[in-house]
Amino acid sequence: PYFVNGDKLYSVTFTVDAFGARTYSANDVSGAETIDGTALVSMAQNGDQLCIVAPDFSGQFNGWIYTVAGGLVQITDVDFDGPVLGVRFNDGYFIFPKADSNKWFISDLRDGASYIATDFTSAESDPDDLVIIAPLNGLVYAFGSKTMEPYQNVGGAGFPYERISSGIQQKGCVAPRTMTEVNGALIWIGSGDSERPAIYTTNGGKPEK
């Protein structure tokens, strides 16, 4: 496991003595790099890379990539259209919602350090800005504060995700840190237009309170 404490990234390792008792150690794996910001970070991994986003750092490059071989490095590709609010992983791509906009974009396939300027789309069913991206059962859901839109990876040339217009729902997310997946369903605190917040769940269909 890995965690961020202060502005550093740590790994957790352990040794086992002759009686089978474990002794755990936290190891600073940041090298000379630091992670900006003071709020909770967002992290996702693709099996080889760990991607870390500091959502309260307002600079364009508020993402970092860690590999065991290469250590911790800040994302510097000019096509990384930050600042971003967080990171998720789906179908080989790291996925990022751009702050204060309805735009979300992806990394190159299996490479969180590389980006293409045209690999993005916009959630346009409603003017509410995106607050979080949540993968579920092979689809990607883009949540605004009042709506949610599902996208499917259709492959082909260019940006691989297409919006499923029939799946647009008039329920958004008002507390992004509450978004979690349990037993194949998303659960979050959300609401629709002019509604009081409540706890909602969906397994891909209409959200249920």
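**Close-up views of a predicted model**

**View 1. Val174 and its surroundings in the loop between strand S15 (161–163) and strand S16 (180–182).** In this predicted model, Val174 is part of the loop that links these two strands. With a relative accessible area of 39%, Val174 falls between the limits of 20% and 50%, and therefore counts as partly exposed. Once its neighbours within four places in sequence are set aside, Val174 is in contact with Ser145, Ile189, Gly190, Ser191 and Pro197. The view also takes in Gly144, which is 30 residues away from Val174 along the chain, while the C-alpha atoms of the two are separated by 8.1 Å.

**View 2. The largest nonpolar core, which has 13 residues.** The residues with the most contacts inside this core are Tyr141, Phe143, Cys173, Met179, Leu186 and Trp188. Two or more residues come to the core from each of the following elements: strand S12 (130–136), strand S13 (139–144), strand S17 (185–190) and strand S18 (198–202). For Cys173, leaving aside its neighbours within four places in sequence, the residues in contact are Val131, Ile132, Phe143, Gly144, Ser145, Met179, Trp188, Ile189 and Gly190.

**View 3. An open sheet of three strands in the order S1-S2-S3.** The pairing in this sheet is antiparallel, and its edges are formed by strand S1 (2–5) and strand S3 (22–28), each of which pairs on one side only. On average, and with direction ignored, neighbouring strands of the sheet are turned by 35° against each other. Strand S2 (residues 8–16) runs antiparallel to S3 and is joined to S3 by seven bridges. A reader following this pair of strands can look for Thr15, which stands opposite Thr23 in S3.

**View 4. The cis peptide bond from Gly82 to Pro83.** The omega angle of this bond is near 5°. Pro83 itself lies in the loop that runs between strand S7 (71–74) and strand S8 (88–90).

**View 5. Asn137 and Ser194, two residues other than glycine with positive phi values.** Asn137, found in the loop between S12 and S13, has a phi near 50°. Its relative accessible area of 55% is over the 50% limit, so Asn137 counts as exposed. Ser194, found in the loop between S17 and S18, has a phi near 60°. The relative accessibility of Ser194 is 77%, which is also over 50%, and Ser194 is therefore classed as exposed.

**View 6. The whole protein chain, shown as a setting for the close-ups, with zero helices and 18 strands.** Along its principal axes, the C-alpha trace of the chain spans about 60 × 40 × 30 Å. The radius of gyration is 18 Å, which agrees with the value near 17 Å that a compact globule of 209 residues would have. Of these 209 residues, 42% count as buried. The accessible surface of the chain comes to about 10,600 Å², and carbon and sulfur atoms account for 50% of that surface. Among the contacts with a separation of 6 or more, 39% are made by residues that lie 24 or more positions apart.

Notes. Residues numbered from 1 in each chain as written. Predicted model: local features only at pLDDT ≥ 70, side-chain atom pairs only at ≥ 80, totals over all residues. Heavy atoms only, no water. Core = buried A, V, L, I, M, F, W, Y, C linked by side-chain atoms within 4.5 Å. Buried < 20%, exposed > 50% of the residue type's maximum accessible area, 1.4 Å probe, protein only. Helix = DSSP H or I, 4+ residues; strand = E, 2+ residues; numbered from the N terminus. Contact = heavy atoms within 4.5 Å. Pairing = 2+ DSSP bridges. Axes fitted to C-alpha atoms, helices over the stretch in contact; angles between N-to-C directions. Rg over C-alpha atoms; globule rule 2.2 N^0.38 Å. Areas by Shrake-Rupley, 256 points an atom, 1.4 Å probe, with all protein chains shown as cover.
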